[in-house]
Amino acid sequence: MSLNLTGVTLTYPDGDSRLTALDRVGLDVPGGTLTAVVGPSGSGKSSLLAVAATLITPDAGTVTVDGVATAGMSRGELTALRRHRIGTVFQQPHLLPSLTAAEQLQVMAHLDGRSARKAAPRARDLLDAVGLGGLAHRRPHQLSGGQRQRVNIARALMNDPKVLLVDEPTSALDHERGAAVLELIARLTRERGTATVLVTHDRTHLGVADRVTEVLDGRLGALR
Ligand code: ADP
Ligand code: MG
């Protein structure tokens, strides 16, 4: 399991010219390790995750997910790759209001063409792993912000991804709950062997990361 980005350049249209969001970025994340990417707002962090998630095709460079080169893949192939190998946790949990915590996870199995009912034990195990074992029957409005983010994290792991991409998971949480969520992500990374990239503008609690890199104006540099 690993994630590799090599020479990734991404530009967006910007009036008559183009804005360079990522400038020849390289990143190599082995399975079972957590790389944190820090940088100010607008520096290119979310763009980096979108490219790693194969949601945006870069202008140049390659993205390799668990040994699979993504260049030249069709839209359908990329969708399947994302479903099987990539878990994403974005800033807002985007949980479905009418579903219980367990059902939010079971939907992922259903989207992957498997039986939602048969996925129930795995959903339970994952909710246990994120400390929500007793709240599996609750709907989003019956959960706190931190609990919703934990459901979001468990859901991202439902299809046993090789790569876990996490964007600003603590932005809606207070300091203590933010620290707990980062510790949870680090523990799950080790237990499940995912190649994890965590993007944040918040430099507190980065002790949980194996490596920390900084993005500034689309360029990546090592901090530690
Ligand atoms: P961050 O996540 O670090 O705040 P982003 O990756 O969202 O940074 O954005 C990097 C730069 O690219 C910013 O200047 C932003 O305005 C620009 N940008 C992001 N998305 C788009 C888009 N879809 N179209 C045009 N410009 C964009
Ligand atoms: Mg962002």
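Two strands pair if DSSP finds at least two bridges between them. By that criterion, strand S6 (residues 86–89) and strand S7 (residues 163–167) are partners: 4 bridges join them, and they run parallel. The model examined here is predicted.

The overall build of the protein chain comes next. Its secondary structure comes to 6 helices and 10 strands. The radius of gyration is 17 Å, close to the 17 Å that the globule rule gives for 224 residues, so the chain is as compact as a globular protein of that length. Along its principal axes, the C-alpha trace spans about 50 × 40 × 35 Å. Buried residues make up 49% of the 224. Contacts reach far along the sequence. Among those between residues at least 6 apart, 71% join residues at least 24 apart.

The surface and the charges were also computed. The protein chain exposes about 10500 Å². Carbon and sulfur atoms supply 50% of that area. There are 26 positive and 22 negative charges, and their mean positions lie 7 Å apart.

Strand S7 is well covered. Of its 5 residues, 5 are buried, so S7 is largely enclosed by the rest of the structure. In a regular strand the side chains alternate between the two faces of the sheet. Both faces of S7 are covered. Val163, Leu165 and Asp167 are buried on one side, and Leu164 and Val166 are buried on the other. Leu164 is also the bridge partner of Gly87. A further pairing links S7 to S8, in the parallel sense, over 5 bridges. There, Leu165 of S7 stands opposite Val197 in S8.

Strand S8 (residues 195–200) also pairs with strand S3 (residues 33–38). This pairing is parallel and runs over 6 bridges. Within it, Leu34 stands opposite Thr196 of S8. S3 is joined to strand S9 (residues 211–216) as well, by 4 bridges, and these two strands run parallel. Here Val38 has Glu214 in S9 as its bridge partner.

S3 is itself mostly covered, with 6 of its 6 residues buried. Neither face is left open. Thr33, Thr35 and Val37 are buried on one side. Leu34, Ala36 and Val38 are buried on the other. Leu34 and Val38 thus belong to one face of S3. Leu34 bridges toward S8, and Val38 bridges toward S9.

An antiparallel arrangement is found elsewhere. An open sheet of 4 strands has the order S2-S1-S4-S5, with antiparallel pairing. Its edge strands are S2 (17–30) and S5 (68–69), each of which pairs on one side only. S5 is joined to strand S4 (residues 60–65) by 2 bridges, and the two run antiparallel. In this pair, Val65 stands opposite Val68 of S5.

Among the helices, H1 (residues 45–52) is mostly covered. Of its 8 residues, 7 are buried. The buried set consists of Lys45, Ser47, Leu48, Leu49, Ala50, Val51 and Ala52. An α-helix has 3.6 residues a turn, so residues three or four places apart point the same way. Just after H1, Thr54 takes a positive phi of about 60°.

Definitions and conventions:
Residues numbered from 1 in each chain as written. Chains lettered and ligands numbered in written order. Predicted model: local features only at pLDDT ≥ 70, side-chain atom pairs only at ≥ 80, totals over all residues. Heavy atoms only, no water. Buried < 20%, exposed > 50% of the residue type's maximum accessible area, 1.4 Å probe, protein only. Rg over C-alpha atoms; globule rule 2.2 N^0.38 Å. Contact = heavy atoms within 4.5 Å. Areas by Shrake-Rupley, 256 points an atom, 1.4 Å probe, with all protein chains shown as cover. Lys, Arg positive; Asp, Glu negative; His and termini not counted. Charge placed at Lys NZ, Arg CZ, Asp CG, Glu CD.
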